[in-house]
Amino acid sequence: NLESRLHFLKGSALNLGFAAFSEKCQAGETAAANGAGDAVDVTDILASYDASKIAFLAEIETLSVA
């Protein structure tokens, strides 16, 4: 279900340092837990993931060049 998937993503995001993505997952998880899963903006959550991934890969690139 949506709640458990967002819970999993939230924890994974925290492990990678994706704070903003984790916060969006937390908000979605809470909404889903309260019966408002249809109000969760999955597109916004996925956009946050994409932005986090880009920033992460850019940071990895700078570390491997140094």
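**Salt bridges, core and overall fold of a three-helix model**

Asp44 forms a salt bridge with Lys24, with the closest N and O atoms 2.8 Å apart. This pair links distant parts of the chain, since Asp44 belongs to helix H3 (residues 42-65) and Lys24 to helix H2, 20 residues apart. The model in which this pairing is found is a predicted one. Asp44 has a relative accessibility of 33% and therefore counts as partly exposed; Lys24, at 30%, likewise counts as partly exposed. Side chains of opposite charge can pair when their charged atoms come close.

The structure holds two salt bridges. Besides the pair formed by Asp44 and Lys24, a salt bridge joins the side chains of Glu29 and Lys10, with an N to O distance of 3.0 Å. Here too distant parts of the chain are linked, Glu29 lying in helix H2 and Lys10 in helix H1, 19 residues apart. The relative accessibility of Glu29 is 11%, so this residue counts as buried. Lys10 also counts as buried, because its relative accessibility is 14% and the limit for a buried residue is under 20%. The salt bridge of Glu29 and Lys10 thus connects helices H1 and H2, whereas that of Asp44 and Lys24 connects helices H2 and H3.

With respect to the overall fold, the secondary structure of the protein chain consists of three helices and zero strands. From the N terminus on, the order of elements is α-α-α. The C-alpha trace spans about 50 × 20 × 15 Å along its principal axes. Of the 66 residues in the protein chain, 21% are buried. The accessible surface comes to about 4,500 Å², and carbon and sulfur atoms account for 61% of this area. Among contacts between residues at least 6 apart in sequence, 49% join residues at least 24 apart. The chain carries 4 positive and 9 negative side chains, and a distance of 4 Å separates the centres of the two sets.

The nonpolar interior was examined next. The largest nonpolar core has seven residues, namely Leu6, Ala13, Phe18, Phe21, Cys25, Val40 and Ile45. Helix H1 (2-16) and helix H2 (19-33) are the elements that give two or more residues to this core. In soluble globular proteins, nonpolar side chains tend to be buried together.

Within this core, Leu6 was considered in detail. Leu6 lies in helix H1 and has a relative accessibility of 5%, so it counts as buried. When residues up to four places away in sequence are not counted, Leu6 touches Cys25, Gly28, Glu29, Val40 and Ile45. Among these partners, Cys25, Val40 and Ile45 are themselves members of the largest nonpolar core, while Glu29 is the residue that meets Lys10 in a salt bridge. The C-alpha atoms of Leu6 and Val42 are 9.8 Å apart in space, although 36 residues separate Leu6 from Val42 in sequence.

A further buried position in helix H2 is Ser22, which has a relative accessible area of 5%. Leaving out residues up to four places away in sequence, the contacts of Ser22 are with Lys10, Ala13 and Leu14. Of these, Ala13 is one of the residues of the largest nonpolar core, and Lys10 is the partner of Glu29 in a salt bridge.

Two partly exposed positions complete the description. Asp41 is placed in the loop between H2 and H3; its relative accessibility is 45%, so it counts as partly exposed. The C-alpha atoms of Asp41 and Lys24 are separated by 9.1 Å, with their positions 17 residues apart along the chain. Lys24 is also the residue with which Asp44 forms a salt bridge. Ala51, in turn, lies in helix H3 and counts as partly exposed, because its relative accessibility is 47%. The C-alpha to C-alpha distance of Ala51 and Phe18 is 9.4 Å, and these residues are 33 apart in sequence. Phe18 is one of the residues of the largest nonpolar core.

Definitions and conventions
Residues are numbered from 1 along each chain as its sequence is written. This is a predicted model: local features need pLDDT of at least 70, side-chain atom pairs count only at pLDDT 80 or more; totals for chains, interfaces and linings use all residues. Side-chain values use heavy atoms; hydrogens and water are left out. Helices (H or I, at least four residues) and strands (E, at least two) are DSSP runs, numbered from the N terminus. Buried means under 20% relative accessible area, exposed over 50%, partly exposed in between (1.4 Å probe, protein chains only). Contact means heavy atoms within 4.5 Å. Accessible areas come from the Shrake-Rupley method with a 1.4 Å probe; for residues, only the protein chains shown count as cover. Lys and Arg count as positive and Asp and Glu as negative; His and the chain ends are not counted. The place of a charge is taken as NZ of Lys, CZ of Arg, CG of Asp or CD of Glu. A nonpolar core is a set of buried Ala, Val, Leu, Ile, Met, Phe, Trp, Tyr and Cys residues joined through side-chain atoms within 4.5 Å. A salt bridge is a side-chain nitrogen of Lys or Arg within 4 Å of a carboxyl oxygen of Asp or Glu.
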